[in-house]
Amino acid sequence: MRPADALGMSAGNLGRRKGRTALTLVGVVIGVAALVLMISLAVGLEREVLKLFQSEDTLRTIFISRVKPGARKGQKKPNLFDFGMQSVPITDRDIAELRKLPGVAHVVPDINLFLSMEIDGEADSEEEFIPIGGLPPEEIEGMRKYLLAGDLWTDPNERAVLIPSRLLQVRFEKRPQDIVGKKVVFSRAFTSDDDPQLTPEQVTFRVAGVLDTEKLGIKARQLFVPMERALELRDLTQGGNAPLLVYKKGSYLSAEVKTKDMNSVEELKRQLGNSGYQVLTSADILGTVRTIFLVIEGFMACIGAIGLVVSIFGIANTMAMAVLERTREIGIMKAIGARNGDVRVVFLLEAAAIGLIGGIVGLGAGAIGGVALDAVAHGLTDVPDDVRLFHVSPLLAAGAVLFSIFVSALAGFVPAMRASRMDPVTALRYE
Amino acid sequence: MDSLVRADRVTKRYEHGAGVVTAVDALTIEFASGEPAAIVGRSGSGKSTLLHILGGLDRPTSGDIHVAGRRLAELSDNELADYRRTTCGFIFQFFNLVPSMTARRNVELPMTLAGRDPRDRRRRADELLERVGLAARRDHRPSELSGGEQQRVSIARALANDPPLLLADEPTGNLDTRTATEIMDLLKSLDRTVIVVTHDRVVADAYCKRVVELSDGRIASDRRSA
């Protein structure tokens, strides 16, 4: 029998029992929709997280720290969550040496400075300390492409600040264009009055510009001030509210080595590793993040698949009934020369067609559900507008439909086998 | 005359509850090509079972069947299906048309199973329906056709793949006398070997040169008329 004819026969048979097919389909649709919804949430979250690491600037960065020799025997691979409790600080001298390495564009110490701030006399709505990063003169021009409003500073000694847009939006509820040129006052406490050692002049900065959080990637949480001023602030506040390391002038918990291009990242990483540094690149972080999300996606898929597994029984039941009802027809088919395989394929295709239709409709329902839940999430929380929590990738879409077809065909397998093995004479006698 | 069908010591036993029923008992018979034959006998005489075995719908418990040079015992299930599709056409008492399909689709079905091109088989189905006088009713479903018309469709279907042998199991058993006569006339006009199982001696004597009577699975008489 030609495949097209088998398909036509199956479609005709499904069409003859529309009501029952529709009811079976509901089960499959719900199953596939749940599966798509669950996995698309995991995939969506993964995409949002990965976005943070995928700016070119981040990919050129090697994060380095140092631990006491022998502190962790046999451990070669850096651990993303292993904050250096036994770390050896990186000093100004180390940084000067690192700068000389071939392939290194420049080295930026993590000044690990957390301060509270006021913009234009208004305090942070969440009363949390805000991380402050120092921007070396080499990197200022590179920030231009992230500017949403205002401009970069021209004097690297100016007390000026670049603010990421999301921080502004979430913590201060201000629009970028409204705050350019306004005053920012830093302090260790939540109001500047409580910090008598600091003169207002030392902690008052001008808002030079606002940066686009989305494009900025992983560093979008921090403010940027000129490196010189960042170091000065750090010394003035005795390290501010650094949570991880006892403050000491000229030494740092970690640093970022910026390579001249992306190709030299791996070579430099090896070299730095051999020199006793713990090294971590965006690629390492991406790998870890992917692994974590793979587990999450697998878990979500298992939960989502429960619905589909339940619907298997619906399909199996429908197909078993169809075989019983069409016993005589099966006998006729066999009597006039249908092979066992012909009968089997017609029933398998019917089951698979339920899977195909249910898969496509379920995929649509899941995708629409994701968009709806996204809208709800945006309405109820301050998730930024451009963040999509649910993402239906082409792979997920194809996978969901194929899985639905496969599972349905599986459910139809036993009934189809029974149909194909029927004895024609007995089947013809069936009333 | 060449023998088209040869059954050699064919036995068919059924397990029936505790006992064993012998439906066909070491029966040896030949049917010549082109000679219309009737198998008659009371119900339970084994005539339908014999026809099923000759038609490859059932396998004998022992014995050998040769049809058109093929030994049925040697055929696998798939080959036996191919045999049913190509070598013999079956006509049933209760017509056995697929209720959801139109007359034309029913006639097409054996060709569909054979994988023939759709346009080709549609043309052939229309030809056959015309030949059995049902060209005008080709788009009707079996439920919209009379018994005689349904049997005509089933004859057209049996001819679809142009088999040399037609096997008819009580083809007139469900029809009134006039329609029965029409159907038998049609079968006679088809110009191929027809073996009819019937309990109707009148039909058998009127249309078949040879009448074989079975009783308890054995040949009770085998008569040829001039």
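The following paragraphs describe a predicted model of two chains, A and B, moving from the overall dimensions of each chain to selected strands, helices and contacts.

Chain A contains 16 helices and 14 strands. Its C-alpha atoms occupy a box of roughly 105 × 50 × 30 Å along the principal axes, and its radius of gyration is 32 Å, whereas a compact globule of 431 residues would have a value near 22 Å. Of these 431 residues, 40% count as buried. Among the contacts of chain A with a separation of 6 or more, 84% are accounted for by residues 24 or more positions apart.

Chain A is divided into two domains, of which domain 1 comprises residues 3-53 together with 289-429, and domain 2 comprises residues 57-280. The C-alpha centres of domain 1 of chain A and domain 2 of chain A lie 51 Å apart. The contact between these domains takes 5 residues from domain 1 of chain A and 6 residues from domain 2 of chain A. On the side of domain 1 of chain A that touches domain 2 of chain A, the residues are divided by class into 3 nonpolar, no polar and 2 charged.

One sheet of chain A was examined in further detail. This open sheet of 4 strands has the order β3-β13-β1-β14, and its pairing is antiparallel. The edge strands, each of which pairs on one side only, are β3 (104-110) and β14 (277-281) of chain A. On average, and with direction ignored, neighbouring strands of the sheet are turned by 25° against each other. Within the sheet, strand β1 of chain A, formed by residues 61-66, pairs with β14(A) in the antiparallel sense over 5 bridges, and A:Ser65 has A:Gln278 as its bridge partner in β14(A). Helix α12 of chain A, which spans residues 282-325, packs on this sheet and touches β1 and β14 of chain A, with a direction that makes about 65° with that of β14(A). Helix α11 of chain A, made up of residues 264-274, lies across β1, β3, β13 (254-259) and β14 of chain A, and runs at about 160° to β14(A).

Chain B comprises 7 helices and 10 strands. The radius of gyration of chain B is 17 Å, which agrees with the value near 17 Å for a compact globule of 226 residues, and the chain therefore matches that expectation. Along the principal axes, the C-alpha atoms of chain B fill a box of roughly 45 × 40 × 40 Å. Buried residues make up 47% of the 226 residues of chain B, and of the contacts between residues at least 6 apart in sequence, 70% join residues at least 24 apart.

In chain B, strand β1 (residues 3-16) and strand β2 (residues 19-32) run antiparallel and are joined by 10 bridges. One of the pairings places B:Arg13 opposite B:Thr22, its bridge partner in β2(B). The two strands form a hairpin with 2 residues between them, in which B:Gly17 takes a positive phi near 60°.

Two further residues of chain B are notable for their backbone angles. Most residues other than glycine have a negative phi. B:Ala26, which lies in strand β2 of chain B, nevertheless has a positive phi near 45°. B:Ala26 has 13 other C-beta atoms within 10 Å and is therefore partly exposed. B:Asp191 likewise is not a glycine and has a positive phi, of about 65°; this residue is found in the loop between α6 (177-188) and β8 (193-197) of chain B. B:Asp191 is classed as exposed because it has 7 other C-beta atoms within 10 Å, and 12 or fewer is the limit for that class.

The contact between the two chains takes 18 residues from chain A and 19 residues from chain B. On the side of chain A that touches chain B, the elements that give two or more residues are α1 (3-16), α13 (327-335), α14 (340-380) and α16 (424-429) of chain A. Of these, α13(A) gives the most, with 4 residues. By class, this side of chain A has 8 nonpolar, 3 polar and 7 charged residues.

Methods: Residues are numbered from 1 along each chain as its sequence is written. Chains are lettered from A and ligands numbered from 1 in the order in which they are written. This is a predicted model: local features need pLDDT of at least 70, side-chain atom pairs count only at pLDDT 80 or more; totals for chains, interfaces and linings use all residues. Two strands pair if DSSP finds at least two bridges between them. A residue is buried if 20 or more other C-beta atoms lie within 10 Å of its own, exposed if 12 or fewer, and partly exposed in between; C-beta atoms are placed from the backbone. Axes are lines fitted to C-alpha atoms, for helices over the stretch in contact, and angles run from 0 to 180 degrees between N-to-C directions. Two residues are in contact if their C-beta atoms, placed from the backbone, lie within 7 Å. The radius of gyration is taken over C-alpha atoms; the globule rule is 2.2 Å times the number of residues to the power 0.38. Ala, Val, Leu, Ile, Met, Phe, Trp, Tyr, Cys and Pro count as nonpolar, Asp, Glu, Lys and Arg as charged, and the others, Gly among them, as polar. Domain bounds come from an automatic or database domain assignment.
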